[in-house]
Amino acid sequence: MIKVQGPVVLYQDGVHEAARRRRSLRARYAYGLIFFATNLLAWFVRDYGAKLLRGLHHVPVCGAGDSKCFQSGGVLRIFFWVMFATTFGTRKLHEVRNSWHSGCWILKFLVYAVSIIIPFIVPNIFIQLYGEIARMGAGIFLILQLISMSHFISWCNKRWMPDSQSNQCGLFGLFLSTISFIASFAGIAVLYVLYVPNSSCAFNIFTITWTATLVAVMMAVSLHSKVNEGLLSSGIMGLYIVFLCWSALHSEPQTGKCHTRLIFTNDGDWATIVSFIIAICAIVMATFSTGIDTRSFQFRNDEDQLEDDVPYSYEIFHIVFAMGAMYFAMLFINWELNHPTRKWSIDVGWVSTWVKIINEWFAASIYVWRLISPVILRKQAANNEELVPRTLIVQCSR
């Protein structure tokens, strides 16, 4: 009986660990839905909270007749920061914190409700302070998205572009590269049509032209004989920065004459609503894909994962979602806490425009540096190797 009991116990432990692992992986999608619902609720409170929640005007953060609390406190959420603090350091599936991350949904619903109420009952100075922190968190979130994008591009390049020492053809990679560059330059042409209706739009002309220059520079650097990166990575990055350029121009206040307004019939309001919902869904998907890519943000990825280890880093997952919520909050209030925003608008204003332009330039600079840094490091290493024999010769001659 003793000989049989050992394997049976080990088998049962393995079954329990497999079940915990499945629950942990499924929990990611539940948190994704919570994140989506959180941002929809933030939008609802921002646009309709002042009318539907009139009783909140007596609390400290909301003055009488003031709707700023619904635009600042209403969009700031702390639920994922609570999850980050309570799951930090979780490494094994049998830990209590793993059960908290993957289950206890009723208790977490109560915590979620409290996290929604808190911004309306704390003094306004704390909301202002958290708003400033949220700006920094949103900026860090953009950097995290860039890191995740860089890892995705590297994965695509290794997956579909053949190694220089292999005999693979890489036709699919070449096809994707061609499509990416055609789409990039076609997108630039469309930007000129939509956002340069006349020659007086100097800012838009410069922004689009500089984006086209960046795409061409990335293409030239990736094809250089000393770099030899290929076209796929630069093509995907070109598409990304063209998208950022479009997003920046789309965020410009539509008060000037540099927007070609698309003509709708009586459904203009519906077009605004549909574009608003598409923007929310796109950013939620980007946040979710960044959050589940936790290995991209770990300093060491070469460690072997044991059977009882958690399948991904919970603290990285929750902090990405927390900063994503901060980023969404900044989009809903146009990066300005004390200025009103109009209904069904998201990420409109000159601050939003410049944030995206700087993000575009930073992304292109990081990508080019990633291409040329190995060449520079190899050259420095070669110079150091040549310097050592010369030093020895001089010492021997003395």
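Is K92 buried, partly exposed or exposed? K92 counts as partly exposed, because its relative accessibility is 22%, while the limit for buried is under 20%. The close-ups below come from a predicted model, and K92 returns in the second of them.

**Figure 1. R91 and E315 meet in a salt bridge.** Welcome to the first of these views. The closest N and O atoms of R91 and E315 are 2.9 Å apart. R91 sits in the loop between α3 (79–87) and α4 (96–102), whereas E315 belongs to helix α11 (residues 314–332), so this pair ties together parts that are 224 residues apart in sequence. The two partners differ in their cover: R91 is partly exposed at 42% relative accessibility, and E315 is buried with a relative accessible area of 8%.

**Figure 2. K92 pairs with D309 in a salt bridge.** Here the closest N and O atoms are 2.6 Å apart. K92 is in the loop between α3 and α4, and D309 is in the loop between α10 (268–292) and α11, so the contact ties together parts 217 residues apart in sequence. D309 has a relative accessible area of 14% and is therefore buried.

**Figure 3. E95 and R97 join their side chains in a salt bridge.** The N to O distance is 2.9 Å. With 17% relative accessibility, E95 counts as buried; R97, at 31%, counts as partly exposed. If you would like to look further, the count of salt bridges in the model comes to four.

**Figure 4. The largest cavity is lined by eight named residues: L146, S150, I153, M237, A363, I366, Y367 and R370.** A search of the whole structure turns up one cavity of 30 Å³ or more, and the largest cavity holds about 40 Å³ of space. Helices α6 (124–160) and α12 (350–397) each supply at least two residues of its lining, with α12 giving the most, four residues. By type, the lining divides into six nonpolar residues, one polar and one charged.

**Figure 5. I143, I147, F362 and I366 make a nonpolar patch on the surface.** Together these residues have about 300 Å² of accessible area. Both α6 and α12 give two or more residues to the patch. I366, which lies in helix α12, may look familiar from the previous view: this residue also lines the largest cavity. I366 counts as partly exposed because its relative accessibility is 36%.

Methods
Residues numbered from 1 in each chain as written. Predicted model: local features only at pLDDT ≥ 70, side-chain atom pairs only at ≥ 80, totals over all residues. Heavy atoms only, no water. 1 Å grid on protein atoms, 1.4 Å probe; cavity = no way out; pocket = protein on both sides within 12 Å on 5 of 7 lines; lining within 4 Å. Points joined across faces, edges and corners; volume = space filled by probe spheres on them. Nonpolar A, V, L, I, M, F, W, Y, C, P; charged D, E, K, R; others polar. Patch = residues over 30% accessible without salt bridge, like charges linked within 9 Å, V, L, I, M, F, W, Y side chains within 5 Å. Areas by Shrake-Rupley, 256 points an atom, 1.4 Å probe, with all protein chains shown as cover. Buried < 20%, exposed > 50% of the residue type's maximum accessible area, 1.4 Å probe, protein only.
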